[in-house]
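Me: Please take a close look at one part of this model, the surroundings of the ligand, and add whatever is known of a sheet that shares a residue with them.

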Amino acid sequence: MESNESEPFSEKLRVPEALTFDDVLLRPKESRVEPDAADVSTKVTKNVDLQIPILSAAMDTVTEAGMAIGMAREGGLGVLHRNMDTAAMEASIIQVKRADELVIRRENVVTASPDQTVDDVDAMMEQKGVSGAPVVDDDDTVLGIISGTDIRPYLEVGENDEVREAMTDEVVTAAEDVSARDALELMYDHKIERVPIVDDEDRLVGLLTMQGILARRENENAARDADGRLRVGAAVGPFEEERAVAADEAGADVLFIDCAHAHNLNVLDSAEAITESVDADVVVGNVGTKEAAEACVDFADGIKVGIGPGSICTTRVVSGAGMPQITAVAEVADVASQQDVPVIADGGIRYSGDAIKAIAAGADAVMLGSYFAGTDEAPGRVITMNGKKYKQYRGMGSVGAMQSGGGERYLKEENDEDYVPEGVEAATPYTGTLASELHQLVGGMQSGMGYVGAETIPGFKRRAEFVRVSAAGQTEGHPHDVMITDEAPNYSPNE
Ligand code: XMP
């Protein structure tokens with residue numbers, strides 16, 4: 001939208017106000033909602049539901065397969081970064097998809113052959129970390145099963161005996177469509193821990209283990225697709241249609257068009273073309289205004305908001321452009337909610353209170369980078385500086401990340417010295433497990449829902465109201481006039 005040419009320049013200074021997290025607080029309201037009863041399940045795209053409204057950022061110091069598996073097990077979604085080539089991305093998607101599969105597929109089942117020696121099989125099982133293996137002949141017909149109990153010394157099996165002599169040959173198998181419940185019953189009835197899955201001709205197609213079934217029960221809230229596999233997101237560049245199709249075919253549930261300024265019309269054209277060539281849902285981002293939302297709301301399955309709020313971002317200082325995040329989320333949500341397109345608030349979230357404020361402003365879910373970069377599940381190793389532990393965290397528009405291939409999100413040049421970075425490289429305190437970080441984050445968000453008196457995310461979005469906070473109010477809101485002696489798990493004064 002061009003401004004009126006005859007308009008005096010000084011009119012530009014009659015500017016609307018735009019607010020961010022610290023400018024507002026949730027107005028406490030009458031409530032009967034106990035925080036732990038607040039339901040935080042949400043929609044992250046038109047067709048994908050999550051148990052918790054949380055995504056890990058598509059950054060090379062935040063989300064690779066390990067983080068994506070951890071996020072999905074906890075009910076959220078990890079978005080794989082795009083500083084890896086297409087083959088590595090496909091492998092990562094497949095790794096997440098297979099992580100919690102109920103049936104271990106044939107190619108991943110450790111098997112023994114009947115003429116191997118007992119000693120050999122024992123060493124193989126130890127090396128592969130399994131305690132038993134189906135015994136199959138050359139055409140994969142299941143002949144028996146061998147486990148630690150078959151080859152214990154007191155059974156008088158010689159180490160050079162063949163597996164066919166030591167194995168249990170009355171093997172209980174199941175068909176491919178067996179349910180977890182029936183498989184578990186079979187295991188209890190026969191006092192066994194694994195059931196080979198076979199086709200009509202008794203050929204091995206997979207393996208079900210008691211351990212696998214019980215692990216699945218532990219993660220009841222996990223984000224799963226219709227086949228029970230963990231959900232995963234993948235970031236793709238706006239002009240990377242081939243990569244998008246590869247991610248889709250590898251099984252990604254949601255593709256994230258990864259662009260610092262998605263209101264670029266070439267980006268939007270390409271994003272729209274990508275939505276037409278894939279089955280997965282497509283989130284378009286990042287945007288920060290209602291005009292940008294209007295430009296993509298008809299074809300996007302989700303819209304991601306954030307122009308420069310991130311902890312490692314320098315977009316606003318480098319380019320002079322940006323939108324304070326609470327206002328950006330609200331503007332986009334005004335448009336997106338009309339068409340039931342979910343909104344994701346991406347960047348700038350330091351505390352659980354920020355996350356729930358973003359939801360109050362109209363977001364359906366939040367994406368965080370720095371909050372998760374210090375966890376065990378984030379890529380990279382722990383470094384120690386001055387006796388404290390840290391992990392690396394860098395912007396995808398930093399020189400280091402652009403050198404590793406991430407520059408397309410920003411303005412990448414051929415030569416390193418020509419880069420105009422929009423992010424910095426940093427270190428973030430090591431914080432331990434993802435599960436404990438998420439526990440604090442989700443617990444704090446539920447607490448916000450309790451103060452507002454809302455039991456569900458949609459209800460909270462309608463009921464929440466903001467009050468404006470002065471600079472004095474901000475100071476009052478943090479611990480003050482004391483010296484903190486013990487660190488709280490959810491508050492750091494340096495953030
Ligand atoms: P937080 O605050 O959670 O932000 O650490 C993560 C989000 O920041 C964005 N991002 C960047 N923005 N320059 C930017 O302006 C960068 O180099 C950069 N790298 C990441 C991204 O949206 C991420 O999810």
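Reply: What follows goes through the ligand's surroundings and then the sheet.

The model is a predicted one. Around the ligand there are 24 residues, and those that come nearest are C313, T315, D346, Y393 and E422. By kind, the shell around the ligand divides into 9 nonpolar, 12 polar and 3 charged residues.

Some contacts can be described atom by atom. A polar side-chain atom of Y393 lies 2.5 Å from an oxygen atom of the ligand. With G348, the contact is made by the backbone: one of its N or O atoms lies 2.8 Å from an oxygen atom of the ligand. G369 also takes part through a polar backbone atom, which is 2.7 Å from an oxygen atom of the ligand. As for cover, the ligand taken alone exposes 520 Å², and the protein buries 96% of that.

Y393 leads on to the sheet, as strand 19 covers residues 388-394. Strands of a sheet pair through backbone hydrogen bonds, and the pairing can be parallel or antiparallel. In this sheet the pairing is antiparallel: 3 strands form an open sheet in the order 18-19-20. Strand 18 (383-385) and strand 20 (425-429) are the edge strands, each pairing on one side only. From one strand to the next, the twist averages 50 degrees.

Between strand 19 and strand 20 there are 5 bridges, in the antiparallel sense. K391, for its part, has T428 in strand 20 as its bridge partner. To return to the ligand, Y393 is among the residues that come nearest to it.

Definitions and conventions: Residues are numbered from 1 along each chain as its sequence is written. This is a predicted model: local features need pLDDT of at least 70, side-chain atom pairs count only at pLDDT 80 or more; totals for chains, interfaces and linings use all residues. Side-chain values use heavy atoms; hydrogens and water are left out. Two strands pair if DSSP finds at least two bridges between them. Helices (H or I, at least four residues) and strands (E, at least two) are DSSP runs, numbered from the N terminus. Axes are lines fitted to C-alpha atoms, for helices over the stretch in contact, and angles run from 0 to 180 degrees between N-to-C directions. A residue is near a molecule or strand if one of its heavy atoms lies within 4 Å of it. A polar contact is a pair of N or O atoms within 3.5 Å; within protein, one must be able to donate a hydrogen and the other to accept it, and residues adjacent in sequence count only if both atoms are side-chain atoms. Accessible areas come from the Shrake-Rupley method with a 1.4 Å probe; for residues, only the protein chains shown count as cover. Ala, Val, Leu, Ile, Met, Phe, Trp, Tyr, Cys and Pro count as nonpolar, Asp, Glu, Lys and Arg as charged, and the others, Gly among them, as polar.
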